[in-house]
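Hi,

Here is the structure I promised to pass on. Have a look at it first, and then read on for what turned up.

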Amino acid sequence: MQIRARKLTRIKLVFLSALICAAQMAQAEPSLRLTSNVIWSQSEPWFGGFSGAEVSANGQAITLVTDKGSLVTATMIRENSKLSAIQLRSQAPLTHANGALLRNKRTDAEGLAIDAQGRAFVSFEHRHRVVQIDLKSARTLGGIPNPDFASLQPNAGLEALAVDANGTLFTLPELTGNADTPFPVFTLTNNEWKIAHHIPRSGPFLPVGADFGDDGLFYLLERAITPLGFRSRIRRFNLTAPDLGEETLITTGPGRFDNLEALSIWRNKAGQTYLTLISDDNFMAIQRTQIVEFILTE
């Protein structure tokens, strides 16, 4: 009886150890916890169509660009770190370097990235290009042409734009030629464009926003359109790894959120990593400008 009891005790210990290991592995998986869901509205005709955004390091301010060529800044009002409201600071139309307004299809700003030196860049679709802009005057300061952009589809171009800690710009199109064709990631370093990576295409989701976290990983916001509403997915990648180290952080069901298109990642003073997402209402009354925030747990 004693031998059986000892064997049983060992089996229990092994089983308990396995459970502890499984629990630790489960806790190690990254996850997103929704902390804020705010609707922002203004009566001005320029308001809406937000597709690119950058949140300040402390989460108190946000800079945005719209599909109709506006540069917008706002204060993010918080209560105990939780976003409660948005207060408009400024709005200005994007212009050429000479001050002339961008017009027609040249206004479709989709991505915004601000580097560590405060330089701002915007990606456009229809007239596919990436340009630097002056955040004070809203003037575009020119960009580096890329012949590959000419082959992108008219309304499915450079939706996502991000800049890493070294100042390299990353952008990718919303669509590729076929459902199994990966998304090319264009990078700009030392005034030279190249295709540095290919992001695997998976399911119905298409890229609409991107950013780098302080962890150096590349976060990609994707969208799918269904008869029941929009779906969103966030994947992240280690662009230095041979297999890109792909992880899916969240996949939402239809209609859970509006048309989320912009993604910005930042840290608060306590060191928590936030993901802020903004919806593009397409200037339609049936849609909303929605700002949702998640805290990343590793």
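Let's start with β14 and β15 (residues 229-237), which are antiparallel partners joined by nine bridges. One pair to look for is E222 with its bridge partner R233 in β15. Keep in mind throughout that this is a predicted model.

On its other side, β14 (residues 218-226) pairs with β13, again antiparallel, this time over six bridges. You can find G209 standing opposite L221 of β14. The two strands make a hairpin with five residues between them, and G216 in the turn has a positive phi of about 80°. As for β13 itself (residues 206-212), seven of its seven residues are buried, so the strand is largely enclosed by the rest of the structure.

Put together, this gives an open, antiparallel sheet of four strands in the order β13-β14-β15-β16. Its edge strands are β13 and β16 (247-251), each pairing on one side only. Ignoring direction, neighbouring strands here are turned by 20° against each other on average.

While you are in β14, click on R223, which sits in that strand. Is R223 buried or exposed? With a relative accessible area of 9%, R223 is buried, since the cut-off for that is under 20%. Its side chain makes a polar contact with the side chain of E174, at 2.6 Å. Leaving out residues up to four places away in sequence, R223 also touches a number of others, including P204, F205, F230, N259 and E261.

There is another open sheet of four strands, ordered β9-β10-β11-β12 and also antiparallel in its pairing. At the edges stand β9 (160-163) and β12 (192-199); each has a single partner strand, so one side of each is left without a neighbour in the sheet. The twist from one strand to the next averages 25°. Within this sheet, β11 (residues 183-189) is joined to β12 by seven bridges, and T187 has K194 in β12 as its bridge partner.

Now for the nonpolar cores. As a rule, nonpolar side chains in soluble globular proteins tend to be buried together. The largest core in this model has 20 residues, and W40, F50, I62, L64, I86 and I278 have the most contacts inside it. Several strands each supply at least two of its residues, among them β1 (31-40), β5 (82-93) and β19 (289-297). If you select F50, its contacts beyond four places in sequence include W40, L64, V72, I278 and T289. Another core, of 17 residues, lies apart from the largest one; L32, Y219, L221 and L249 are among its members.

One last residue: E54, in strand β2. At 11% relative accessibility, E54 counts as buried too. What lies 3.3 Å from a polar atom of the E54 side chain? That is the backbone nitrogen of I114. Not counting residues up to four places away in sequence, E54 touches A61, I62, T63, L112, A113, I114, D211 and S264. For a sense of scale, E54 and I234 are 180 residues apart in sequence, while their C-alpha atoms are 17 Å apart in space.

Shout if anything is unclear.

Cheers

Note on methods. Residues are numbered from 1 along each chain as its sequence is written. This is a predicted model: local features need pLDDT of at least 70, side-chain atom pairs count only at pLDDT 80 or more; totals for chains, interfaces and linings use all residues. Side-chain values use heavy atoms; hydrogens and water are left out. Two strands pair if DSSP finds at least two bridges between them. Axes are lines fitted to C-alpha atoms, for helices over the stretch in contact, and angles run from 0 to 180 degrees between N-to-C directions. Buried means under 20% relative accessible area, exposed over 50%, partly exposed in between (1.4 Å probe, protein chains only). A nonpolar core is a set of buried Ala, Val, Leu, Ile, Met, Phe, Trp, Tyr and Cys residues joined through side-chain atoms within 4.5 Å. Contact means heavy atoms within 4.5 Å. A polar contact is a pair of N or O atoms within 3.5 Å; within protein, one must be able to donate a hydrogen and the other to accept it, and residues adjacent in sequence count only if both atoms are side-chain atoms.
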